[in-house]
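Dear colleague,

Please find the structure below, together with its sequence. A short account of the cysteines and the salt bridges follows.

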Amino acid sequence: MSEPLILPFKGKTPKIHESAFIAPGCKIIGDVEIGPEASIWYNCVIRADVNFIKIGARSNIQDGTTIHCDSATPVTPNGHPTIIGEDVLVGHMVMLHGATLEDRAFVGLSTTVMDGCVIEGDGMLAAGATLTPNKRIPSRQLWAGSPAKYMRDLTEPAIAGMRLGVAHYVENAKAHKAALEAAVK
């Protein structure tokens, strides 16, 4: 079993809440903050070496996802950190780079979200989509495609389903954490 790699970088050490679940095989580097009951699933890479990354409470980052940030440039003097709010669902094999996912945003599996993008609360990027730089998905909208475009407004049942997904991942993370602790005894 490969323990997670938690690596300080340039004087910045990842800050991980004690109730968060960090699966084996993860690599968490530099100026990263992970909130309560968040879950970082197997083989994710979260590399904050040129800016910061923040992941809020109860958000989940599913297996194989890569999260990075963008450094400062003359055009963007603050660069683009990656900020993930609370209760956010991030699917398997996602690439997040210098983006903001507000509370309750949903990013489907195998998507790419690029520098300067914002997905508002209750907004959704469909599986396989690419959100090109500086795009914004408004609340309660579904965007899909590559490049991603507006498809339709989300229904109340779809939004309720996203909230159930958050609760499911919090409980599933607790079960995985317990199974891993039992395996090393």
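**Salt bridges and cysteines**

Being three residues apart in helix α1 (residues 156-183), Glu171 and Lys174 are separated by about one helical turn. Please note before reading on that this is a predicted model.

Glu171 and Lys174 form a salt bridge, and their closest N and O atoms are 3.5 Å apart. Glu171 counts as partly exposed, at 49% relative accessibility. Lys174 is likewise partly exposed, with a value of 43%. The pair also belongs to a network of salt bridges that links Glu37, Glu171 and Lys174.

How many salt bridges does a search of the whole structure find? The search finds nine. Two further examples are described here.

One of them joins the side chains of Asp122 and Arg104, with an N to O distance of 3.3 Å. This pair links distant parts of the chain, 18 residues apart. Asp122 sits in the loop between β15 (118-119) and β16 (124-125), while Arg104 sits in the loop between β12 (100-101) and β13 (106-107). As for accessibility, Asp122 is buried, its relative accessible area being 6%, whereas Arg104 is partly exposed at 31%.

The side chains of Arg136 and Glu120 meet in another salt bridge, at 3.0 Å from N to O. Arg136 lies in strand β18 (residues 136-137) and Glu120 in the loop between β15 and β16, so this salt bridge ties together parts that are 16 residues apart in sequence. Arg136 counts as partly exposed, with a relative accessibility of 42%.

I turn now to the cysteines. Why is no disulfide counted between Cys26 and Cys44? The cysteine sulfur closest to that of Cys26 belongs to Cys44, and the two are 4.8 Å apart. A disulfide requires the sulfur atoms to be within 2.5 Å, so this separation is too far for a bond. Taken from the other side, the closest cysteine sulfur to that of Cys44 is in Cys26, at 4.8 Å. The count of disulfides by this rule is therefore zero.

Are these two cysteines buried or exposed? Cys26 is buried, with a relative accessible area of 0%. Cys44 also counts as buried, at 0% relative accessibility.

In summary, the search of this predicted model gives nine salt bridges and zero disulfides.

Yours sincerely

Definitions and conventions. Residues numbered from 1 in each chain as written. Predicted model: local features only at pLDDT ≥ 70, side-chain atom pairs only at ≥ 80, totals over all residues. Heavy atoms only, no water. Buried < 20%, exposed > 50% of the residue type's maximum accessible area, 1.4 Å probe, protein only. Salt bridge = Lys/Arg side-chain N within 4 Å of Asp/Glu carboxyl O. Helix = DSSP H or I, 4+ residues; strand = E, 2+ residues; numbered from the N terminus.
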